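Reader: Hello! I am new to this structure and would love a close look at one part of it. Could you start with the surroundings of the bound molecule and then lead me on from there?

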Amino acid sequence: MAILALFSNKGGVGKTTAAVNLAYLAAAGGMRTLLCDLDPQGATTYIYRVEAKLLPDARGLSGTPKQIRQSIKPTGYANLDLLPADLSHRHLERFFREEKHAKQRLQEALAPLAATYELIVLDSPPNIGIVAENIFNAADRLLAPIVPSTLSAESYGQLLAFLDERGYNATSALAFFSMVEKRKTLHQETMKAVRTTYGNVLTTTVPYRSVIERMGQERQPLPVFAARSDAASAYGMLWQEVRRRLFAMG
Ligand SMILES: Nc1ncnc2c1ncn2[C@@H]1O[C@H](COP(=O)(O)OP(=O)(O)OP(=O)(O)O)[C@@H](O)[C@H]1O
Ligand SMILES: [Mg+2]
């Protein structure tokens, strides 16, 4: 089992959009996949039309393995299940902090699911704290969307520095450019500069497209309602690239 976490300390960069589509594409390709919505806002859960609720007493994800397993819902798509967001996720920081192994709770919670799933995709809220450190410990790969504007690139640098400082494996982090506007000189220049600075930026770029924003209304992954769009094929290529890195297939 491999765990892929969409992560960025910057908000609104395309984490949820990527988590929703990459998990769908993995499952559509035959991989038994669990999408895990760690954001109390529950955008991923909403798009998949699942109720944002864990079992009572699951205390977010700090519940027992049985409570977590029983909170998993089918999405209606083959091979794809969802562990929904829950309002109690607002208190995850505190719940985790109160537990032993405060930074390994997520890893411990997900480990028993290895028998059931080949891939777990985590959609993360945009902040660095105990929840983020749980994600860093649990994930085999972090995948950070970077909007090619200076600020977003800067936060990626901050993330790598943080990983390094705290002794996490910064080389497990990958990035891709999200919401790319090809005709903007600033975007072109930033992408070039970021690629020169960091070695782990994927080749695939996701363009800025209004069809992507429609996911919130359609409440379906992009390949379901806009299979022929260039945006859907960008996520297709992104998944192929991520899959190779995640499972070290060359
Ligand atoms: N490539 C794109 N083109 C156009 N709009 C996009 C693109 N990617 C994402 N969006 C839109 O931008 C908004 C933010 O995207 P998303 O929710 O995926 O970001 P996020 O990083 O998960 O945000 P948060 O940090 O709030 O969880 C959404 O309305 C989404 O539909
Ligand atoms: Mg999000």
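Author: Gladly! Helices (H or I, at least four residues) and strands (E, at least two) are DSSP runs, numbered from the N terminus. With that in hand, we can say that helix H1 gives three residues to the shell around ligand 1, the largest share. Please keep in mind that this is a predicted model, in which local features need pLDDT of at least 70, side-chain atom pairs count only at pLDDT 80 or more, totals for chains, interfaces and linings use all residues, and side-chain values use heavy atoms without hydrogens and water. Residues are numbered from 1 along each chain as its sequence is written, while chains are lettered from A and ligands numbered from 1 in the order in which they are written.

Let us begin at ligand 1. Around it are 16 residues (near means that a heavy atom lies within 4 Å). Lys15, Thr16, Thr17, Pro207 and Arg209 come nearest of these. Helix H1 spans 15–28, and it shares the job with strand S8 (201–207) and helix H9 (210–213): each of these elements supplies at least two residues of the shell.

Now look at the oxygen atoms of ligand 1. For Val13, a backbone N or O atom is 3.0 Å from one of the ligand's oxygen atoms. Lys15 uses its side chain instead, placing a polar atom 2.8 Å from an oxygen atom of ligand 1. Thr16 returns to the backbone, where a polar atom lies 2.8 Å from a ligand oxygen. (A polar contact is a pair of N or O atoms within 3.5 Å; within protein, one must be able to donate a hydrogen and the other to accept it, and residues adjacent in sequence count only if both atoms are side-chain atoms.) Overall, the protein covers 78% of the 620 Å² of accessible area that ligand 1 has on its own (Shrake-Rupley method, 1.4 Å probe).

Thr16 deserves a second glance. This residue is part of helix H1 and counts as buried because its relative accessible area is 18% (buried is under 20%, exposed over 50%, partly exposed in between, with a 1.4 Å probe and protein chains only). Beyond its neighbours within four places in sequence, Thr16 is in contact with Ala43, Thr44 and Asp123 (contact means heavy atoms within 4.5 Å).

Next, go to helix H6, which is mostly covered, as eight of its nine residues are buried. The buried ones are Ile130, Val131, Ala132, Glu133, Asn134, Ile135, Phe136 and Ala138. Among the elements that cover them are strand S1 (2–6), helix H4 (92–98), helix H5 (105–110) and strand S5 (119–123), along with strand S6 (141–146) and helix H7 (150–165).

Pick out Asn134 in H6, a helix of residues 130–138. Its relative accessibility is 0%, so Asn134 counts as buried. The side chain of Asn134 reaches to 2.9 Å from the backbone oxygen of Ala102. Setting aside neighbours within four places in sequence, its contacts are Phe96, Ala102, Lys103, Gln104, Arg105 and Leu106.

Strand S6 holds Leu142, which counts as buried because its relative accessibility is 4%. Residues touching Leu142 from more than four places away in sequence include Ile135 and Phe136, and also Ala5, Phe7, Leu163, Ser172, Ala173 and Leu174. Ser172 is 30 residues from Leu142 along the chain, yet their C-alpha atoms are separated by 6.3 Å.

Over in helix H12 (residues 230–246) you will find Leu238. With a relative accessible area of 0%, Leu238 is buried. Its contacts, leaving out neighbours within four places in sequence, are Leu22, Phe176, Leu202, Thr204 and Val206. Leu238 and Phe176 are 62 residues apart in sequence, while their C-alpha atoms are 8.3 Å apart in space.

Finally, two backbone details are worth a look. Most residues other than glycine have a negative phi. Met179, however, has a positive phi near 55° without being a glycine; its place is in strand S7 (residues 173–180). Met179 is partly exposed, since its relative accessible area is 27%. Arg49, also not a glycine, has a positive phi of about 55°, and sits in the loop between helix H2 (43–47) and helix H3 (65–71). Arg49 counts as exposed because its relative accessibility is 52%.
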